[in-house]
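Dear colleague,

Please find below the structure that I am handing over to you. My notes on it follow directly after.

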Amino acid sequence: MTNSKYKLTKEDFKQINKRSLFGFQLGWNYERMQGSGYLYTILPQLRKMYGDDTPELKEMMKTHAQFFNTSNFFNTVITGIDMAIEEKEGIDAQDTVAGLKAGLMGPFAAIGDSIFGALLPTIFGALAANMAINGNPIGAIIWMVVNFGVMFFRWQQLEFAYKEGVELVTTMQHRLSALTDAATMLGVFMVGALVATMVNVEIAWAPTIAGLTIDVQNNLDMIMPRLIPALVVGAIYWLLGKEKMTSTKAIFIVLIVSIALSALGIVG
Amino acid sequence: MAIQWWQILILTLYAGYQILDELQVYTGLAQPVFAGLIAGLVMGDVTTGLIIGGSMQLTVLGVGTFGGASRIDANSGTVIATAFSVGIGMDPEQAIAAIAVPVAGLMIQMDILGRFANTFFANRIDTKIEEMDYKGIERNFLMGALSWGLSRAIPVFLALSFGGGFVNSLVSVLNNQLQWLGDGLSVAGAVMPAVGFAVLLRYLPVKKHMPYLILGFVITALLTTVFGNIQLLGDTVGSVVEDFSNGFISMPMLAIALIGFALAFREYKRTVETPNVPTENSGITSNEGEIEDDEL
């Protein structure tokens with residue numbers, strides 16, 4: 001049997017991490033998305049496990065070049081579990097590994113997107129943007145520091161996943177879903193706060209009725225300050241729920257409607 | 001003209017680099033607010049860069065690259081808008097709506113082109129696997145950096161090099177014949193972040209966390225009004241009374257975020273402490289599930 005006795009070393013983890021951190025998505029394409037990226041990150045290790053120019057290596061290279069797409073913040077968790085299995089079972093694990101990759105990429109994409117794709121950019125992006133608009137770059141620097149923390153976390157998870165193996169997914173599930181829940185809650189709270197500060201539009205329309213000028217904006221402020229921004233966001237939220245609506249289309253619709261309302265003197 | 005060749009060079013290099021940063025190492029340099037900061041530094045007006053970058057940041061707040069979907073390229077938009085805003089002297093908010101947003105929208109096509117070009121390299125990799133050419137596999141993989149980088153660098157270079165005349169006449173028209181459009185674009189620039197927030201709400205479980213959306217909004221709306229009025233008062237008093245030094249600050253957003261964090265922390269604790277309901281024997285789970293479980 002060519003199932004080698006090769007054991008992954010610290011050096012191997014370092015190499016996989018480096019390749020993942022600096023190259024994982026370079027080959028992203030419509031056909032197989034991160035497929036070639038997955039192969040690239042573990043290619044040196046595959047060569048060590050199966051040996052150069054063996055039919056097993058070719059078989060596994062083909063397996064790992066297949067369609068793959070997950071969060072690029074969690075991809076090495078899957079890699080770690082995969083490596084642990086392949087190291088033990090070699091080519092016999094081909095189907096297991098292919099199934100594992102297909103089964104895990106969806107859930108990890110979802111968690112990764114909500115925490116790293118939506119939540120962190122919301123909180124720190126909002127802070128950074130808020131300060132930036134006032135001419136202060138500190139918020140952006142804070143964000144960058146946080147991102148370096150995230151990098152450290154990404155660096156750690158490979159070895160962790162390798163040691164924990166498949167059990168990791170079941171033991172972590174409850175904690176991860178609790179974290180996602182709390183994280184999305186904070187996200188929703190922050191969006192509320194942002195709507196109240198970052199959308200700067202007011203009613204400029206001040207009709208004169210029987211010689212009396214009515215300051216519409218002032219009246220609205222007495223009902224609830226920042227009511228107009230809330231209504232605008234609510235309207236766009238509703239718009240986005242329409243079929244075939246994309247965020248890009250929404251942006252251009254808002255652009256045109258804003259110009260029209262401004263030209264009519266309703267908002268300013 | 002107003003934009004020097006070395007400024008074009010640096011901004012072009014940055015445009016090519018930022019997409020690679022975004023895809024891999026994720027330092028944050030690929031965020032619009034940094035695009036604004038860097039473009040501002042290069043152009044010699046950091047404040048304008050930060051205003052444009054900050055607004056574009058908010059516009060794309062909820063627009064992520066989920067599942068490989070293309071999104072509007074706010075970074076290239078920010079770079080080009082900042083360069084022209086500083087170089088030609090255009091109102092930043094007008095530059096957001098008149099340059100940054102349309103450019104960001106057009107750049108979606110370049111993103112698609114870049115991803116498409118990589119399919120070619122992916123197929124070459126398949127051939128190299130058959131040939132057991134390991135170096136070839138890696139080379140064709142790393143070539144992807146070219147499709148990504150050039151898909152951003154080329155348009156930014158072309159726009160900065162040849163767009164000056166166009167933007168120049170655009171600015172003069174917006175400030176004269178089409179004043180209404182110029183004003184409208186400023187308003188649109190200020191409204192843009194609303195789209196980012198709405199997209200984000202579509203993505204987050206907003207119905208489940210509705211009370212917190214209201215809390216976040218109301219706390220902030222009230223405080224921002226109070227802080228804003230105190231500042232206004234300070235400015236007014238300061239302009240009348242000479243000895244009065246106006247030390248009133250604007251509302252610190254971090255404080256609001258900490259309130260939210262406290263609430264989220266509580267939520268996390270509560271969820272973790274709830275025992276994990278075993279789903280294996282879910283066949284008998286009914287409204288009185290716990291009691292039936294005890295009988296087992």
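A residue is called buried under 20% relative accessible area, exposed over 50%, and partly exposed in between. A:Lys62 therefore counts as partly exposed, its relative accessibility being 33%. Please bear in mind throughout that this is a predicted model.

**Contact between the chains**

I start with A:Lys62 because its partner lies across the chain boundary: the side chains of A:Lys62 and B:Glu130 meet in a salt bridge, at 3.0 Å from N to O. This pair runs from helix H3 of chain A to helix H5 of chain B. B:Glu130 is likewise assigned to the partly exposed class, because its relative accessibility is 40%.

The salt bridge belongs to a contact to which chain A contributes 108 residues and chain B 106 residues. Between them the two chains bury about 9,300 Å², and 75% of that area is on carbon and sulfur atoms. On the side of chain A, the residues that lose the most area to chain B are A:Leu26, A:Met185 and A:Phe189, which together account for 9% of what that side buries.

As for polar terms, five salt bridges are counted between chain A and chain B. There are also 23 residue pairs in polar contact between the chains, with both residues at pLDDT 80 or more. Several helices of chain A give two or more residues to the side that touches chain B, including H1 (10–23), H2 (35–50), H3 (55–64), H5 (94–133) and H6 (138–164). Helix H7 of chain A gives the most to that side, with 21 residues.

A:Thr122 offers a local view of this contact. The residue lies in helix H5 of chain A, and it counts as buried because its relative accessibility is 1%. Leaving aside residues up to four places away in sequence, A:Thr122 touches A:Val191 in its own chain, and B:Leu61 and B:Leu200 in the other.

**Chain B as a whole**

The secondary structure of chain B consists of 13 helices and zero strands. Of the 296 residues in chain B, 50% are buried. The accessible surface of this chain comes to about 13,800 Å², with 66% belonging to carbon and sulfur atoms. Among contacts in chain B between residues at least 6 apart in sequence, 68% join residues at least 24 apart.

What covers the buried residues of helix H6 of chain B? The cover includes H1, H2 and H3 of chain A, together with helix H5 (92–131) and H7 of chain B. The buried residues in question, within the stretch 134–142, are B:Tyr134, B:Gly136, B:Ile137, B:Glu138, B:Asn140 and B:Phe141.

**Salt bridges within chain B**

Over all chains, the whole structure holds 17 salt bridges. One of them joins the side chains of B:Arg152 and B:Asp73, at 3.0 Å from N to O. B:Arg152 lies in helix H7 of chain B, whereas B:Asp73 lies in the loop between helix H3 (46–59) and helix H4 (74–89), so the pair ties together parts that are 79 residues apart in sequence. Both B:Arg152 and B:Asp73 are buried.

A further salt bridge links B:Asp133 with B:Lys128, where the closest N and O atoms are 3.8 Å apart. Its two partners fall into separate classes: B:Asp133 is partly exposed, as its relative accessible area is 24%, while B:Lys128 counts as buried at 17% relative accessibility. Elsewhere in the chain, salt bridges that share partners join B:Asp73, B:Asp111, B:Arg115 and B:Arg152 into one network.

**A nonpolar patch on chain B**

Lastly, I draw your attention to a nonpolar patch on the surface. It is formed by B:Met143, B:Leu146, B:Leu150, B:Ile154, B:Phe157, B:Leu158 and B:Phe162, and these residues have about 670 Å² of accessible area together. One of them, B:Phe157, is placed in helix H7 of chain B, which spans residues 144–162. B:Phe157 counts as partly exposed because its relative accessibility is 39%. Helix H7 of chain B thus carries B:Phe157 of the patch as well as the buried B:Arg152.

With kind regards

Notes:
Residues are numbered from 1 along each chain as its sequence is written. Chains are lettered from A and ligands numbered from 1 in the order in which they are written. This is a predicted model: local features need pLDDT of at least 70, side-chain atom pairs count only at pLDDT 80 or more; totals for chains, interfaces and linings use all residues. Side-chain values use heavy atoms; hydrogens and water are left out. Patches are made of residues with over 30% relative accessible area and no salt bridge: like charges are joined within 9 Å, nonpolar side chains (Val, Leu, Ile, Met, Phe, Trp, Tyr) within 5 Å. Accessible areas come from the Shrake-Rupley method with a 1.4 Å probe; for residues, only the protein chains shown count as cover. A salt bridge is a side-chain nitrogen of Lys or Arg within 4 Å of a carboxyl oxygen of Asp or Glu. Helices (H or I, at least four residues) and strands (E, at least two) are DSSP runs, numbered from the N terminus. Buried means under 20% relative accessible area, exposed over 50%, partly exposed in between (1.4 Å probe, protein chains only). Contact means heavy atoms within 4.5 Å. Buried area is the accessible area (1.4 Å probe) that two parts lose on being put together, summed over both. A polar contact is a pair of N or O atoms within 3.5 Å; within protein, one must be able to donate a hydrogen and the other to accept it, and residues adjacent in sequence count only if both atoms are side-chain atoms.
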